[in-house]
Amino acid sequence: VQLQASGGGLVQAGGSLRLSCAASGFIFSFYTMGWYRQAPGKQRELVAGITSSGNTNYADSVKGRFTISRDNAKTTVYLQLNSLKPEDTAVYYCNAHYIPHRGAAYDYWGQGTEVTVSS
């Protein structure tokens with residue numbers, strides 16, 4: 001299983017970035033995909049999630065600014081970050097999660113991509 005996140009970088013406040021997470025090694029379309037972030041000295045938090053059927057949810061702090069999407073044919077999940085703020089600075093991680101009808105849940109993490117927003 002691999003989750004390869006990319007697209008992070010340094011951007012000025014008000015700018016935009018698009019993160020990508022390319023997945024392999026599992027049945028992508030079955031999984032709920034999520035983006036989490038962890039800022040220095042803080043706990044990892046959920047930023048956005050998208051279910052296998054395309055339903056989305058967002059942290060209150062990013063609603064209206066970030067958009068999560070998925071392309072099952074490309075086994076890739078995206079996070080569009082607009083109107084970035086310095087407080088969005090963090091390492092962003094991709095997550096894949098699946099709960100089967102029986103047995104334990106499956107949970108995979110990518111390596112993270114760093115986003116730095118300057119004021």
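Here are a few notes on this predicted model, covering a buried arginine, a pair of strands and a disulfide.

1. Start with Arg70, which sits in strand E7, residues 66–71. This residue is buried but has no salt bridge. Its nearest side chain of opposite charge is Asp71, and that is 8.4 Å away. A salt bridge would need the two charged groups within 4 Å, so Asp71 doesn't qualify.

2. So what does the side chain of Arg70 reach? One partner is the backbone oxygen of Phe28, at 2.8 Å. Another is the backbone oxygen of Thr51, which lies 3.0 Å from a polar atom of the Arg70 side chain. Leaving out residues up to four places away in sequence, Arg70 also touches several others, including Tyr31, Met33, Ile50 and Val77.

3. Next, have a look at strand E1, residues 2–6. Leu3 and Ala5 make up its covered face, while Gln2, Gln4 and Ser6 are on the uncovered one. E1 pairs with strand E3 (residues 17–24) in the antiparallel sense, over 5 bridges. If you want one bridge to find on screen, try Ser6, whose partner in E3 is Ser20.

4. Strand E3 also leads us to the disulfide, where Cys21 is joined to Cys94 with an S to S distance of 2.2 Å. The link ties together distant parts of the chain: Cys21 is in E3 and Cys94 is in strand E9 (residues 90–98), 73 residues apart. The structure holds 1 disulfide, and with -85° about the S-S bond it is left-handed.

5. Are those two cysteines buried or exposed? Cys21 is buried, at a relative accessible area of 0%, and Cys94 counts as buried at 0% too.

Methods. Residues numbered from 1 in each chain as written. Predicted model: local features only at pLDDT ≥ 70, side-chain atom pairs only at ≥ 80, totals over all residues. Heavy atoms only, no water. Helix = DSSP H or I, 4+ residues; strand = E, 2+ residues; numbered from the N terminus. Buried < 20%, exposed > 50% of the residue type's maximum accessible area, 1.4 Å probe, protein only. Lys, Arg positive; Asp, Glu negative; His and termini not counted. Polar contact = N/O pair within 3.5 Å; in protein donor to acceptor, adjacent residues only side chain to side chain. Contact = heavy atoms within 4.5 Å. Pairing = 2+ DSSP bridges. Disulfide = S-S within 2.5 Å.
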